[in-house]
Amino acid sequence: MANKKQVNNSNKKNTPALSGHNIYKDKHGQTIYFNKRTRVGYVVPEKDFSKFQILQMRYILALVIAVLLYSMTNISYWLTGIVLVAVAIGMEVTLRIKVLPSYTQYQNFEPEKGESQLDLMVKEGRNKLLLRTCLLLLLSILLIVNLFTMDEEPTIILIILSVILSIASLVYAGVQIRGIIYIQKHK
């Protein structure tokens, strides 16, 4: 009997969730990225959810890379800006030229109501949300502590970028807390 339970548990997939702007589900339950400009829907395969999520956050990631590069090295502002733009353009080109054309496409796709971020958080479960909240709060604190513990006086740009990223981390932690509260109320 124990073997059957083990087999049943191993067959259950922990399906990752993909959400965000222009992400919808079609009537077959497939995850679709909708390009509003071209009116084309792209079926995002489940195996590509992680890669697609990274590409969705391409501008935030480019900013984080630039902040880290600037704070950890002695390169100039303009070189950091060039790196920021190059990373953003590189990820944009990867998404538009390499990734999206490899997906199944629906011309003139008409999106239905997408799954809300709250619905997807409920699917992830309370423990994942709690861990993500703690990590985001820790990131927010560490970004500010880093400013005070630097050997050199931080520049105004580094201060501004660190504060912006810290606030963004706090906001996103608040979204996770909202999901935890929702799960607690609807148990």
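Two strands pair if DSSP finds at least two bridges between them. Strands (E, at least two residues) and helices (H or I, at least four) are DSSP runs, numbered from the N terminus. The model is predicted, so local features need pLDDT of at least 70 and side-chain atom pairs count only at pLDDT 80 or more, while totals for chains, interfaces and linings use all residues. Residues are numbered from 1 along each chain as its sequence is written, and side-chain values use heavy atoms, with hydrogens and water left out.

**Exercise 1. Strand β2 and its neighbours**

Task: Find the strands that pair with β2, give the sense of each pairing, and state whether the residues of β2 are buried or exposed.

Solution.

Step 1. Strand β1 (residues 23-25) pairs with β2 in the antiparallel sense over 3 bridges. One bridge partner can be named here: K25 is matched by T31 in β2. The two strands form a hairpin with 5 residues between them, and G29 in the turn has a positive phi of about 85°.

Step 2. β2 also pairs with β3 in the antiparallel sense, over 4 bridges. The bridge partner of N35 is V40 in β3. This hairpin has 4 residues between the strands, and R39 takes a positive phi near 60°.

Step 3. For burial, use relative accessible area: under 20% is buried, over 50% exposed, and partly exposed lies in between (1.4 Å probe, protein chains only). By this test 5 of the 5 residues of β2 are buried, so the strand is largely enclosed by the rest of the structure.

Step 4. In a regular strand the side chains alternate between the two faces of the sheet. Both faces of β2 are covered: T31, Y33 and N35 are buried on one side, I32 and F34 on the other.

**Exercise 2. Aromatic pairs**

Task: State how many aromatic pairs the structure holds, and describe the geometry of F52 with Y103 and of Y70 with Y77.

Solution.

Step 1. Rings of Phe, Tyr and Trp (its six-membered ring) pair if their centres lie within 6.5 Å; planes under 30 degrees apart count as stacked, over 60 as edge-to-face and the rest as tilted. The structure holds 7 such aromatic pairs.

Step 2. F52 and Y103 are 6.3 Å apart centre to centre with 45° between the planes, a tilted pair. The pair links distant parts of the chain, 51 residues apart: F52 is in helix α2 (residues 49-56), and Y103 is in the loop between α4 (77-99) and β4 (105-107). Both F52 and Y103 are buried.

Step 3. Y70 and Y77 are stacked, at 5.4 Å centre to centre and 20° between the planes. Y70 is buried because its relative accessibility is 14%, whereas Y77, at 43%, is partly exposed.

Step 4. Ring pairs also join Y24, F34, Y106 and F109 into a cluster.

**Exercise 3. Salt bridges**

Task: State how many salt bridges the structure has, then place R39–E110 and E92–R96 along the chain.

Solution.

Step 1. A salt bridge is a side-chain nitrogen of Lys or Arg within 4 Å of a carboxyl oxygen of Asp or Glu. The whole structure has 5.

Step 2. R39 and E110 meet at 3.0 Å, N to O. This pair links distant parts of the chain, 71 residues apart: R39 is in the loop between β2 (31-35) and β3 (40-43), and E110 is in the loop between β4 and α5 (117-124). R39 is partly exposed at 31%; E110 is exposed at 53%.

Step 3. In E92–R96 the closest N and O atoms are 2.7 Å apart. Both residues lie in helix α4, 4 residues apart, about one turn of the helix. E92 is buried, with a relative accessible area of 18%, and R96 is partly exposed at 30%.

Step 4. Salt bridges that share partners join K47, D48 and K51 into one network. Within this network, K51 and D48 meet at 4.0 Å, N to O. K51 is partly exposed at 42%, while D48 is buried at 10%.
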